[in-house]
Amino acid sequence: MGVAEWVQAVGAARPYADRAALVDLAEREALALTDAQVRAALADHPRIGGATDPGSRAASEQSGVDAADTNLVERLLAGNAAYEERFGHIYLVCAAGRDGRELLADLTERLTHDPETEIGVTRGELAAIARKRLERTVIE
């Protein structure tokens with residue numbers, strides 16, 4: 001996630017009673033991030049529809065974006081550019097299990113938000129990503 005304070009808070013709460021306690025705390029801590037911390041965390045995330053390292057978590061999570069659909073990829077890239085210009089940070093969404101058309105619809109809708117609303121939505125997406133990654137990583 002790239003936020004040292006989040007990592008420290010999650011680590012400091014060990015040991016956890018169970019996997020659910022870890023995941024719940026990690027999500028709560030992500031939802032408590034400041035706007036500046038959210039923006040810092042975004043530096044570690046690739047753009048939706050952009051190039052990702054094959055085999056990376058991001059590539060797996062974005063697997064619903066069909067790179068062969070050049071029209072969709074171009075529209076996602078244009079949407080990303082418009083989003084970054086409007087909000088000053090990358091578009092972040094929990095992409096796991098969603099296809100490219102869903103992501104484009106989400107991106108288009110989020111471009112209508114005001115900056116305060118959007119940073120809150122982004123914080124929620126960051127928390128959802130943290131939750132999903134921990135659920136996949138931590139074995140009970």
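Reader: How many salt bridges are counted here?
Author: The count comes to eight salt bridges. Do keep in mind that this is a predicted model.

Reader: What makes arginine 131 and glutamate 27 a salt bridge?
Author: Set the distance against the cut-off. A side-chain nitrogen of Lys or Arg has to lie within 4 Å of a carboxyl oxygen of Asp or Glu. For the side chains of arginine 131 and glutamate 27 the value is 2.8 Å, N to O, so the pair meets the definition of a salt bridge.

Reader: Why can this pair be said to tie parts of the chain together?
Author: Arginine 131 belongs to helix H7 and glutamate 27 to helix H2 (residues 19-31), so the salt bridge ties together parts that are 104 residues apart in sequence. The pair also belongs to a network of salt bridges that links Asp24, Glu27, Arg131 and Glu135.

Reader: Why is glutamate 27 called partly exposed?
Author: Its relative accessibility is 22%. Buried means under 20% and exposed means over 50%, so a value of 22% falls in between and glutamate 27 counts as partly exposed.

Reader: How do you know that aspartate 35 forms a salt bridge with arginine 123?
Author: The same kind of check works here. Their closest N and O atoms are 2.4 Å apart, and the limit is 4 Å. Aspartate 35 sits in helix H3 (residues 35-42) and arginine 123 in helix H7, so this pair ties together parts that are 88 residues apart in sequence.

Reader: Which of the words buried, partly exposed and exposed suits arginine 123?
Author: Arginine 123 has a relative accessible area of 13%. The limit for buried is under 20%, so arginine 123 is buried. Its partner aspartate 35, at 35% relative accessibility, counts as partly exposed.

Reader: What makes arginine 47 and glutamate 84 a link between distant parts of the chain?
Author: Their side chains meet in a salt bridge at 2.6 Å, N to O. Arginine 47 is in the loop between H3 and helix H4 (57-61), glutamate 84 is in helix H5, and the two are 37 residues apart. Arginine 47, at 40% relative accessibility, counts as partly exposed, and glutamate 84, at 22%, counts as partly exposed too.

Reader: Let's stay with H5. How do you know that its length fits a helix?
Author: Compare the span with the expectation. H5 (residues 70-87) has 18 residues and reaches 25 Å from its first C-alpha to its last, close to the 26 Å expected at 1.5 Å a residue. After H5 comes glycine 88, whose phi is positive, near 80 degrees.

Reader: Why are the buried residues of H5 said to line one face?
Author: The buried residues of H5 are Leu72, Val73, Leu76, Gly79, Asn80, Tyr83 and Phe87. Seen down the axis of H5, they fall within an arc of 125 degrees, so they line one face of the helix. As background, an α-helix has 3.6 residues a turn, so residues three or four places apart point the same way. The buried residues of H5 pack against helix H6 (100-110) and helix H7 (115-137), while Glu74 and Glu85, on the other side of H5, are exposed.

Reader: What puts the buried residues of H2 on the same side?
Author: In H2, the buried residues are Leu22, Val23, Leu25, Ala26 and Ala30. They cover an arc of only 165 degrees around the axis, which puts them on the same side of H2. Their cover includes H1 and H7.

Reader: Why is glutamine 37 called buried?
Author: Glutamine 37 has a relative accessibility of 17%, and buried means under 20%, so glutamine 37 counts as buried. Glutamine 37 lies in helix H3. Leaving aside neighbours within four places in sequence, glutamine 37 is in contact with Val3, Glu5 and Ala32.

Reader: Which residues have the most contacts inside the largest nonpolar core?
Author: Those are Trp6 and Leu33, in a core of 20 residues. The elements giving two or more residues to this core are helix H1 (4-12), H2, H3 and H7, and H7 gives the most, with six. A second, separate core has 13 residues, including Val65, Tyr83, Val93 and Leu104.

Reader: And the whole chain: how many helices and strands does it have?
Author: It has seven helices and zero strands. Buried residues make up 39% of its 140 residues.

Technical notes: Residues numbered from 1 in each chain as written. Predicted model: local features only at pLDDT ≥ 70, side-chain atom pairs only at ≥ 80, totals over all residues. Heavy atoms only, no water. Helix = DSSP H or I, 4+ residues; strand = E, 2+ residues; numbered from the N terminus. Expected span 1.5 Å × (residues − 1). Buried < 20%, exposed > 50% of the residue type's maximum accessible area, 1.4 Å probe, protein only. Arc of directions from axis to C-beta. Contact = heavy atoms within 4.5 Å. Core = buried A, V, L, I, M, F, W, Y, C linked by side-chain atoms within 4.5 Å.
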